[in-house]
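Here are my notes on the model you sent round. Have the structure open while you read, since the points go residue by residue.

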Amino acid sequence: MVARLLALIGVLLVAAGCVAAGSAQPQGFSVGSTVHTMGFAGLDRAYSLYIPDGVASPAPLVVMLHGGFGSAAQAERAYGWNQLADSAKFVVAYPDGITHAWNANGGCCGLPARQGIDDVGFITAVVNDISANISVDAERVFATGISNGGMMSYALACNTAVFAAIGPDAATQLDPCPAPRPTSVIHIHGTDDQLIRYDGQPGAGVARIDGPAVADLNAFWRNVDHCATPETTADGPVTTSIASCPDGRGVTLVTVDGGGHEWPPFATGTIWEFFAAH
């Protein structure tokens, strides 16, 4: 059933002109966009890497996780991270999920979930591979993603100590997350998302993703991070709730009134500003 959801998401991506081949060159840790392969858990895995000219040293690292039916090449092309990296001087990694999906735990998604693919381990190995070849600031490693990729970013926060902050969009948390490590979180979500609903009700389609309501998920991470009461501001259809937490962490919820299952135009810049501050 989850595969049906992934198919629906893929249709949306195609309609938006997002699913397209990238222009990365094979191997090497040189300036520009390169493709890297590695063996992990008996499987051939791959990721793309973008290193801007004049990158900081040690460099912040953003791991961008594609949605269901997406790919590393599609994510690199669609969401504007390389262009922002050129000006802000950070490195971006784009891992590829097996059959265009991630095992985000909690039964999602697709073949990776059915076969128990260790995507938490794979993405951690990607970070380690990059760190072994270029100078990465271990305190400024971040994960973001859309839909199934956003779910995967929550699974990383629940099961690793690698990421200082995560930035899921149009996503939910299905991982049981019994022992989460304090992590800064910015979550972006539209109130009219019919596939992963803002109110936590089962989503459209046969998959019927039914994670917690976005407000409840935000409260979960504010509790994990021992945050103060959030302050809320509104700018047109966008409402932002910001909670400050000990040790420089933060938990922010950005709600787009009427927004659907999408990556809003402001998302990349907003998520990076949050990462840079945490």
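1. Is Gly259 buried or exposed? Gly259 is buried, because its relative accessible area is 5% and the cut-off for buried is under 20%. You'll find Gly259 in the loop between β11 (250-256) and α8 (267-277). Leaving aside neighbours within four places in sequence, its contacts are Gly190, Thr191, Asp192 and Asp193. There is also a C-alpha separation to look at: Gly259 and Ile188 are 71 residues apart along the chain, and their C-alpha atoms are separated by 9.9 Å.

2. A word on confidence before going further. This is a predicted model. The protein chain has an average pLDDT of 91, and 89% of the residues score at least 70. Over residues 1-23, though, the pLDDT is below 50. That stretch still has 47 contacts in the model beyond near neighbours in sequence, so please read those with the low score in mind, given that pLDDT is the predictor's confidence in each residue.

3. Now the overall picture. The protein chain has 8 helices and 11 strands. It runs to 278 residues, of which 54% count as buried. Take the contacts in the chain with a separation of 6 or more: residues 24 or more positions apart account for 63% of them.

4. Asp137 deserves a look. Asp137 sits in strand β6 (residues 136-146) and counts as buried, because its relative accessibility is 17%. What does its side chain reach at 3.0 Å? That would be the backbone nitrogen of Glu139. The Asp137 side chain also makes a polar contact of 2.8 Å with the side chain of Arg140. Beyond four places in sequence, Asp137 is in contact with Pro58, Ala59 and Pro60.

5. One of those partners, Pro58, has a feature of its own. The peptide bond joining Ser57 and Pro58 is cis, with omega about -5°. Pro58 is in the loop between β3 (43-51) and β4 (59-65). A second cis bond to check runs from Cys108 to Cys109, where omega is near 15°. Cys109 is found in the loop between β5 (91-95) and α4 (110-114).

6. Two residues have positive phi without being glycine. For Ala41, phi is near 50°; this residue lies in the loop between β2 (32-40) and β3. Ala41 is exposed, because its relative accessible area is 65%. For Thr99, phi is about 50°, and the residue lies in the loop between β5 and α4. Thr99 is partly exposed, with a relative accessible area of 45%.

7. Helix α5 (residues 119-133) passes a simple length check. Its 15 residues should span 21 Å at 1.5 Å a residue, and the end C-alpha atoms are 21 Å apart, so the two agree. At the start of α5, a side-chain oxygen of Asp118 comes to within 2.8 Å of the backbone nitrogen of Gly121. The buried residues of the helix include Val120, Phe122, Ile123, Val126, Val127 and Ile130.

8. Thr183 is another buried residue, because its relative accessibility is 1%. Thr183 is in the loop between β7 (165-169) and β8. Its side chain reaches the backbone oxygen of Arg181 at 2.8 Å. Leaving aside neighbours within four places in sequence, Thr183 is in contact with eight residues by name: Ala157, Phe163, Ala164, Ala165, Ile166, Trp221, Asp225 and Arg249.

9. Trp221 turns up again in a cavity. There are 3 cavities of 30 Å³ or more in the structure, and the largest has a volume of about 40 Å³. Which residues line the largest cavity? The lining is Tyr154, Val185, His187, Val214, Leu217, Asn218, Trp221 and Val251. β8 (184-190) and α7 (214-224) each supply at least two of these residues, and the largest share, 4 residues, comes from α7.

Methods: Residues are numbered from 1 along each chain as its sequence is written. This is a predicted model: local features need pLDDT of at least 70, side-chain atom pairs count only at pLDDT 80 or more; totals for chains, interfaces and linings use all residues. Side-chain values use heavy atoms; hydrogens and water are left out. pLDDT is the predictor's confidence in each residue, from 0 to 100. Contact means heavy atoms within 4.5 Å. Buried means under 20% relative accessible area, exposed over 50%, partly exposed in between (1.4 Å probe, protein chains only). A polar contact is a pair of N or O atoms within 3.5 Å; within protein, one must be able to donate a hydrogen and the other to accept it, and residues adjacent in sequence count only if both atoms are side-chain atoms. The expected span of a helix is 1.5 Å times one less than its number of residues. On a 1 Å grid over the protein atoms alone, a cavity is a set of points where a 1.4 Å probe fits but cannot get out, and a pocket is an open set with protein on both sides within 12 Å along at least five of seven lines; lining residues have an atom within 4 Å of a point. Grid points are joined across faces, edges and corners, and a volume is the space filled by probe spheres set on the points.
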